Structure formats: structure tokens, C-alpha cells
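Reader: I should like to learn how to read a protein model. May I put some questions about the one shown here?

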Amino acid sequence: MMPTDPPPAFEHASPLARALVTAAVQHIETAGALDDAAELRQAFSAQPTRAAQVQARAWLLGQRLGLPQELARWRLWGGWVGLGLAVLVALAGLAAGRSVLAPDRSINAVAAFVSLLGLHALTLSVWLLGLLWNWAGAHAGGGWSLGRLALGLAARWPFARGPHALDLWQGFRGVMQRARLWPWLTGLLSHSIWTAAFALTLAVLAFGFAFQTYRLSWQTTILSTDFFQHFVRVTGALPAALGFAVPDAEAVAQVGRAGAGFAPQALGQSEWAWWLMGCVAVYGLLPRALLACFSAWRWRAGPARLARLDLTDPYA
């Protein structure tokens with residue numbers, strides 16, 4: 001439902017809210033100037049500086065157009081959209097991991113590793129390339145990401161959407177581009193979604209390994225045992241440093257030599273399970289959580305940049 005609380009007065013609005021409403025009003029006025037005689041008098045009598053007067057005028061007009069209420073609607077639905085995306089990402093990863101589960105409940109360990117972490121590695125690479133592109137000054141808008149998808153869905157969410165929702169979205173994009181905040185906002189949202197998704201994935205894996213019997217192994221037609229021993233040793237180095245159990249070279253070779261009817265010892269299979277969960281935690285959950293914190297730190301510097309935006313009178 002649409003929030004029923006009245007919008008805050010201009011003096012109590014955040015710098016971000018002021019900048020977004022100002023940009024949205026300017027976008028609306030590209031189609032024609034609004035009747036603002038009363039708002040101009042109130043803004044010019046209450047604010048001492050030109051920039052504050054322009055923002056106050058826009059805020060008063062925005063209240064008349066329902067823009068602060070639209071921002072509140074974004075905040076209300078944005079969290080639910082982000083949570084829904086996190087659940088979908090976790091389900092997609094688990095479904096991909098389950099696709100390598102054989103009828104005899106054996107799991108190709110390497111295929112499960114790639115299934116659980118492959119999409120994460122691809123999207124993280126795209127985000128990092130977009131960040132480098134932004135730093136190089138080639139593009140201030142940022143590339144595709146889960147964070148941008150979440151913002152777009154929240155802005156276009158049909159429930160109680162006002163008539164100027166898309167104007168506010170256009171103003172929002174303009175403010176983020178001018179302040180070069182897209183990478184940090186979308187990064188904060190994207191990494192938070194992935195962090196929640198990996199937490200759900202680890203919870204499901206831990207529950208499954210704790211109460212059901214699975215046999216982790218590897219199969220190949222052209223690769224050697226040395227390849228899998230090296231793969232497990234390299235990928236297990238960081239999880240082992242954090243206390244996760246990792247199969248040794250003999251355990252890897254033993255699984256490779258085993259036939260279809262091989263019944264491994266529970267201890268050996270426990271090490272494989274901890275290796276897989278450790279890899280998901282170290283290479284999936286941990287970097288996303290750290291990047292979410294870093295993006296949040298960079299995003300918090302945004303209000304200072306927003307305050308320095310070159311705001312101009314729409315009638316100038």
C-alpha cells in the first residue's frame with residue numbers, strides 16, 4: 001500500500017531526496033513550465049541562497065505532484081524487490097547445482113563448484129569492468145547489474161504508482177550520473193542481493209549435507225587425476241586457511257579410481273562437503289559481503305557530492 005505519512009518539510013528532507021525531486025521537477029518542466037507563483041514566493045522568502053531557493057521551489061512543487069510520496073513508495077517496495085531477487089538468484093544457483101546430481105545421489109564436485117559460482121563470477125567480472133570503465137571517465141551511468149534491475153523494478157512497480165513515477169526515475173538517473181554514484185549504489189544493491197543469495201545457498205547446502213547422504217566425486221573423459229588434484233588444492237587453499245576441511249591428493253585420487261558402486265567413508269565425504277561449502281563461502285559470500293560494505297562506504301560520501309551539484313533555475 002502507499003505510505004500514508006505526510007512528506008517531510010524541505011528543511012527535514014535529505015540531500016538525496018532534495019536532489020531527486022529537483023531533477024524530477026526539471027524533467028517534468030521540459031514539457032512546459034508549472035504554475036509556481038506561490039511556491040516561488042515561499043521558497044525565496046524562506047531560503048537565503050540561490051541553490052536552496054531552487055531546491056525549495058522544486059520541493060514544494062514536488063509535494064503538489066506527489067514526488068516525495070513516490071520516493072517513499074520506492075523505499076517501501078525496493079526492499080521486497082531486492083529480497084525477491086536474492087531468493088531467485090539462490091534458487092537458480094541451487095537448481096544449477098542440483099542438475100549435476102546423479103540418480104544414485106552422487107554429485108560431480110567440480111561441476112557443482114562451477115554451477116554454484118559460475119554466474120557469480122561472470123556478473124562480478126561485469127561489475128568490475130563497469131567500475132573501471134566509469135573510473136576511466138568513459139561512462140558515468142554504469143552497466144547492467146542486479147542493483148540496476150532492482151532499482152528499475154522498484155521504480156516501475158505498478159502498485160500505487162503515481163503519474164510522475166517515470167519522471168522521478170529519469171531525474172534519479174540524471175542525478176546518479178552527474179554525481180558518478182551509479183557504480184556504488186548499484187554495487188551496494190547487487191552485492192547485498194548476492195550476499196543474501198549465498199547465505200541462503202549455504203543454509204540449504206548445510207541442511208542437505210547434514211540430513212541426507214550424498215557422494216561427491218569427479219568424472220572425466222579426457223582430463224587426468226593430476227588436474228583434479230591441482231584444482232582441489234588451489235580452490236581449497238583459502239577455505240583451508242579459514243578452517244574448512246579439504247580433501248587431500250590421495251582422497252581426490254581415490255574418488256577418481258572408484259567405480260559406480262563405490263561407497264566412500266563418511267569422513268572422506270565430509271571433507272568434500274566442507275570443501276564445497278567453504279568454496280561457496282570464501283569465493284562467493286565473502287567477496288560479495290566485503291564489496292557491499294565497500295560500496296556502502298563509498299555511497300555514504302554521496303550527499304556531499306549531491307550538495308555540490310550545479311543546480312539551475314528551471315526558468316533561467
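Reader: What span, from its first C-alpha to its last, does helix α1 (residues 15-28) reach?

Author: This is a predicted model, and the span given here is computed from it. Helix α1 has 14 residues, and at 1.5 Å a residue the expected span is 20 Å. The helix comes close to that expectation, reaching 20 Å.

Reader: Which residues of α1 does G171 touch, not counting residues up to four places away in sequence?

Author: G171 belongs to helix α7 (residues 165-178), and G171 is buried, with a relative accessible area of 4%. In sequence G171 and Q26 are 145 residues apart, yet their C-alpha atoms are 7.9 Å apart in space. In α1, the buried residues include A23 and A24. The residues that G171 touches are A23 and A24.

Reader: Is W218 buried or exposed?

Author: W218 sits in the loop between β2 (215-217) and α9 (225-235). Its relative accessibility is 7%. Because buried means under 20% relative accessible area, W218 counts as buried.

Reader: The backbone oxygen of which residue lies 2.9 Å from a polar atom of the side chain of W218?

Author: W218 has V110 at 6.6 Å, C-alpha to C-alpha, although the two are 108 residues apart in sequence. The backbone oxygen at 2.9 Å from a polar atom of the W218 side chain, however, is that of V252.

Reader: How many disulfides does a search of the whole structure find?

Author: A disulfide is a covalent bond between the sulfur atoms of two cysteines. C279 is buried, at 0% relative accessible area, whereas C293 is exposed, at 53%. Over the whole structure, the number of disulfides found is zero.

Notes. Residues numbered from 1 in each chain as written. Predicted model: local features only at pLDDT ≥ 70, side-chain atom pairs only at ≥ 80, totals over all residues. Heavy atoms only, no water. Disulfide = S-S within 2.5 Å. Buried < 20%, exposed > 50% of the residue type's maximum accessible area, 1.4 Å probe, protein only. Helix = DSSP H or I, 4+ residues; strand = E, 2+ residues; numbered from the N terminus. Expected span 1.5 Å × (residues − 1). Contact = heavy atoms within 4.5 Å. Polar contact = N/O pair within 3.5 Å; in protein donor to acceptor, adjacent residues only side chain to side chain.
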